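Colleague: I'm new to this one, and I'd love a friendly tour. Could you show it to me and take my questions as they come?

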Amino acid sequence: MSAFVKIGLGAGAAVFALVLTAGQFTTINTGENGLYVGFDGKVKNEILTPGIKYDGLGSIKVFNTRKITVQSNDLTPKTSDNTIMKDMDVVVTYSLSPTSLFDFYTGYDMTNHGVSQNGQIELMASFIKRLITSAVNQSVDEYPALEVNSSLDKIQDTIKQNLNLALEKNNLAGRIQIESVVVVKADLPGDLVAAVNRVVTAQSEEKEQIVKNRTAELKANENKSLASTITPPYLEYQRNEILREAMKNGSIQKILINGAPVLSIGDGVMPVK
């Protein structure tokens, strides 16, 4: 091998080593996908799958595609009886089709995306959040205020249906999948809660009074029945029976003093009335 060839190979190896040194490696975890961005800022339309990827002179943007959570707080939808909810919080979880990453990243600006706590771009998060507001308004409008909290399961299903309809209208069906919808808070306005509490208290007091009146009525009827049963002849009969039993036992002796009947109990003397 000539010296020229050796020098050429050495130079090539040096350039390759320089490229490796200049670049870095990026890990794409399960549930994530990536896009390669060249040093010139151009995004390559090729989906990177989970694994360790070499950046080269460019960079790799990693996106969560399996489970993205968006929480929309302080919503104030109107119910079917025109009550404005005080506060409703809704959490929506969605996933993205990896084949749509390039279109989402290059075709929608950052006003449609969100940013997670670790700085990762959450594709279409803000877009979904806007759809949530509309879907909640449409769903809650089907129920009166006092039935909202007892109908949350149905409302959640309706919100999900309305979100899917909105995605379909925006040609995003199949590219974004709504996985779950959870209403974590549904507070009624304070004046309505106070009014309901007053009604419940009044009903409770009314029921308590009805019970008291019924109890008093039953007791009065019982006393009336008892009074009609215990007549003077009946009392006289009972008294004579008690005296007769006592005299059999020898504990009471019947005597006469000046023609008046008298009972003797022990050493004492009691007149019989």
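**Salt bridges and surroundings**

Modeller: Gladly! A search of the whole structure finds four salt bridges. Please keep in mind that this is a predicted model.

Colleague: Thanks! How many helices and strands are there in the protein chain?

Modeller: The protein chain has 273 residues, of which 32% count as buried. Its accessible surface comes to about 17600 Å², with 55% of that belonging to carbon and sulfur atoms. As for the elements, the chain holds six helices and twelve strands.

Colleague: Among contacts between residues at least 6 apart in sequence, what percentage join residues at least 24 apart?

Modeller: This one looks at contacts within the protein chain and leaves out pairs that are less than 6 apart in sequence. Of the contacts that remain, the share joining residues at least 24 apart is 60%.

Colleague: Back to the salt bridges. Which residue meets Lys-44 in a salt bridge?

Modeller: Side chains of opposite charge can pair when their charged atoms come close. Lys-44 is partly exposed, with a relative accessible area of 45%, and its partner is partly exposed too, at 39%. The N to O distance in this pair is 3.2 Å, and the partner is Glu-46.

Colleague: How many residues apart in sequence are the parts tied together by Lys-185 and Asp-87?

Modeller: The side chains of Lys-185 and Asp-87 meet in a salt bridge of 3.3 Å, N to O. Lys-185 is partly exposed, with a relative accessible area of 31%, while Asp-87 is buried at 10%. Lys-185 belongs to strand E9 and Asp-87 to strand E6, so the pair ties together parts whose separation in sequence is 98 residues.

Colleague: And where in the chain does Arg-175, the partner of Asp-103, lie?

Modeller: Arg-175 forms a salt bridge with Asp-103, with their closest N and O atoms 3.4 Å apart. Arg-175 is partly exposed at a relative accessible area of 22%, and Asp-103 also counts as partly exposed, at 39%. Asp-103 is in helix H2, so the pair ties together parts 72 residues apart in sequence, with Arg-175 in the loop between H4 and E9.

Colleague: Let's go inside. Which helix gives the most residues to the largest nonpolar core?

Modeller: That core has 41 residues, and Met-88 and Tyr-94 touch the most other members. The elements that give two or more residues to this core are strands E5 (68-75), E6 (87-96) and E9 (176-187), together with helices H2 (101-107), H3 (125-140) and H4 (152-169). The most, eight residues, comes from H3.

Colleague: Met-88 sounds well connected. Which lysine does Met-88 touch?

Modeller: Here we set aside residues up to four places away in sequence. The residues that Met-88 touches then include Val-136, Val-140, Val-148 and Val-183, and also Ser-72, Asn-73 and Pro-77. The lysine among them is Lys-185.

Colleague: Is strand E2 largely enclosed or not, and which residue of E4 stands opposite Tyr-36?

Modeller: Strand E2 covers residues 32-37, and five of its six residues are buried, so E2 is largely enclosed by the rest of the structure. E2 pairs with strand E4 (residues 59-64) in the antiparallel sense, over six bridges. In E4, the residue opposite Tyr-36 is Ile-60.

Colleague: Which residues make up the covered face of strand E1?

Modeller: In a regular strand the side chains alternate between the two faces of the sheet. E1 (residues 25-28) pairs with strand E3 (residues 51-54) in the antiparallel sense over four bridges, and Ile-28 stands opposite Gly-51 in E3. The uncovered face of E1 has Phe-25 and Thr-27, and the covered face has Thr-26 and Ile-28.

Colleague: What separates the C-alpha atoms of Pro-98 and Arg-66?

Modeller: Pro-98 lies in the loop between E6 and H2 and counts as partly exposed at 30% relative accessibility. Leaving aside neighbours within four places in sequence, Pro-98 is in contact with Asn-33, Ile-47 and Thr-65. Pro-98 and Arg-66 are 32 residues apart along the chain, and their C-alpha atoms are separated by 8.9 Å.

Colleague: One last stop, the surface. Which leucine helps make the nonpolar patch of about 320 Å²?

Modeller: The patch also includes Tyr-234 and Tyr-237. The leucine lies in helix H6 (residues 232-249) and counts as partly exposed, at 47% relative accessibility. That residue is Leu-235.

Conventions: Residues numbered from 1 in each chain as written. Predicted model: local features only at pLDDT ≥ 70, side-chain atom pairs only at ≥ 80, totals over all residues. Heavy atoms only, no water. Buried < 20%, exposed > 50% of the residue type's maximum accessible area, 1.4 Å probe, protein only. Pairing = 2+ DSSP bridges. Patch = residues over 30% accessible without salt bridge, like charges linked within 9 Å, V, L, I, M, F, W, Y side chains within 5 Å. Areas by Shrake-Rupley, 256 points an atom, 1.4 Å probe, with all protein chains shown as cover. Core = buried A, V, L, I, M, F, W, Y, C linked by side-chain atoms within 4.5 Å. Contact = heavy atoms within 4.5 Å.
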